[in-house]
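The report that follows takes up the strands, helices, cores and individual residues of one protein chain in turn. Please keep the sequence and the structure at hand while reading.

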Amino acid sequence: MMRRWTVPMVLAVSGLVVAARQIAGGSPGAAAVWSLAFLLLAGALSPWAFPASVTDAEARRRSAADGRPIVYWRPGCRYCLRLRIRLGRDARRVHWVDIWRDPDGAAAVRAATGGDETVPTVLLAGVPHVNPDPAWLRRQLP
């Protein structure tokens, strides 16, 4: 569980250190700007930026019922964040599986990528697609 929050926590603490140095240097305005920038980046890379994750088994069950793709992701992955941002509101139309929380999801990614945990990996109609173009994925949504 803690692994999911490592990158956001490091960013938040780094922001506080930078802000403290700016304040010590007599620049409270710069401290506020740096703090805000680091906190926004930490929030964007946190699990909060993604729709609620489900288990691999639940995602496969739901996908079989509604035909929606499954996206395997992990917190801190910039490519996952790019996909999430580019999908916009359509991100809620796919099933998200956090491979750091679900060992079966991690195993599914390793099986699809030849042993690596390369994310985002999208499973669409049983066919895996590693790091697909977000526009392509949006066109595939039911």
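## Strand β2 and its partner

In this predicted model, strand β2 spans residues 95-98, with His95 and Val97 pointing one way and Trp96 and Asp98 pointing the other way. The general pattern is that side chains in a regular strand alternate between the two faces of the sheet. In β2, the residues that point one way and those that point the other way are all buried.

Strand β1, residues 70-73, pairs with β2 in the parallel sense, over 4 bridges, and within this pairing Val71 stands opposite Trp96. Between the two strands the chain passes through helix α4, residues 78-87, and the resulting β-α-β crossover from β1 to β2 is right-handed.

## The nonpolar cores

The largest nonpolar core comprises 23 residues, and those with the most contacts inside it are Val71, Tyr72 and Trp96. Two or more residues of this core are given by each of β1, α4, β2, α5 and β3, and β1 provides the largest share, with 4 residues. Such grouping can be set beside a general tendency of soluble globular proteins, in which nonpolar side chains tend to be buried together.

Which residues does Val71 contact, once its neighbours within four places in sequence are left aside? They are Leu83, Val94, His95, Trp96, Val97, Pro120, Thr121, Val122 and Leu137. Apart from the largest core lies another core, of 5 residues, which includes Leu11, Phe38, Ala42 and Leu45.

## Helix α5 and its two sides

Helix α5 runs over residues 103-113, and its residues Gly105, Ala106, Ala108, Val109 and Thr113 are buried. Because these buried residues cover an arc of only 160 degrees around the axis, they are on the same side of α5. On the other side of the helix, Pro103, Asp104 and Ala111 are exposed.

The buried residues of α5 pack against helix α3 (56-66) and against the strands β1, β2, β3 (121-124) and β4 (127-130). After the helix comes Gly114, which has a positive phi near 80 degrees.

## Two cysteines without a disulfide

A search of the whole structure finds 0 disulfides. Cys77 is accordingly in no disulfide, and the nearest cysteine sulfur to its own, that of Cys80, is 3.0 Å away. Seen from Cys80, the closest cysteine sulfur is that of Cys77, and the pair is not bonded because 3.0 Å is too far for a bond, the cut-off for a disulfide being sulfur atoms within 2.5 Å.

Are these cysteines buried or exposed? Cys77 has a relative accessibility of 4% and therefore counts as buried, while Cys80, with a relative accessible area of 0%, is buried as well.

## Backbone features in the loops

A cis peptide bond, with omega about 0 degrees, joins Val119 and Pro120, and Pro120 is placed in the loop between α5 and β3. Pro120 is also one of the residues in contact with Val71.

Ala125, in the loop between β3 and β4, has a phi near 55 degrees, a positive value in a residue other than glycine. Its relative accessibility is 76%, so Ala125 counts as exposed. Asn131, in the loop between β4 and α6 (134-140), likewise has a positive phi, of about 50 degrees, although it is not a glycine. With a relative accessible area of 32%, Asn131 is partly exposed.

## Individual residues in helices α2 and α3

Trp34 belongs to helix α2, residues 28-44, and counts as partly exposed because its relative accessibility is 42%. When its neighbours within four places in sequence are left aside, Trp34 is in contact with Val18 and Gln22. Gln22 is 12 residues from Trp34 along the chain, and the C-alpha atoms of the two residues are separated by 8.7 Å.

Ser63, for its part, is placed in helix α3 and is buried, its relative accessible area being 15%. Residues up to four places away in sequence not being counted, Ser63 touches Arg68, Ile70 and His95. His95 is a buried residue of strand β2 and is also in contact with Val71.

Terms used. Residues are numbered from 1 along each chain as its sequence is written. This is a predicted model: local features need pLDDT of at least 70, side-chain atom pairs count only at pLDDT 80 or more; totals for chains, interfaces and linings use all residues. Side-chain values use heavy atoms; hydrogens and water are left out. Buried means under 20% relative accessible area, exposed over 50%, partly exposed in between (1.4 Å probe, protein chains only). Contact means heavy atoms within 4.5 Å. Two strands pair if DSSP finds at least two bridges between them. A crossover is right-handed if, with the strands pointing away from the viewer, the path from the first strand over the helix to the second runs clockwise. The arc is that of the directions from the helix axis to the C-beta atoms. A nonpolar core is a set of buried Ala, Val, Leu, Ile, Met, Phe, Trp, Tyr and Cys residues joined through side-chain atoms within 4.5 Å.
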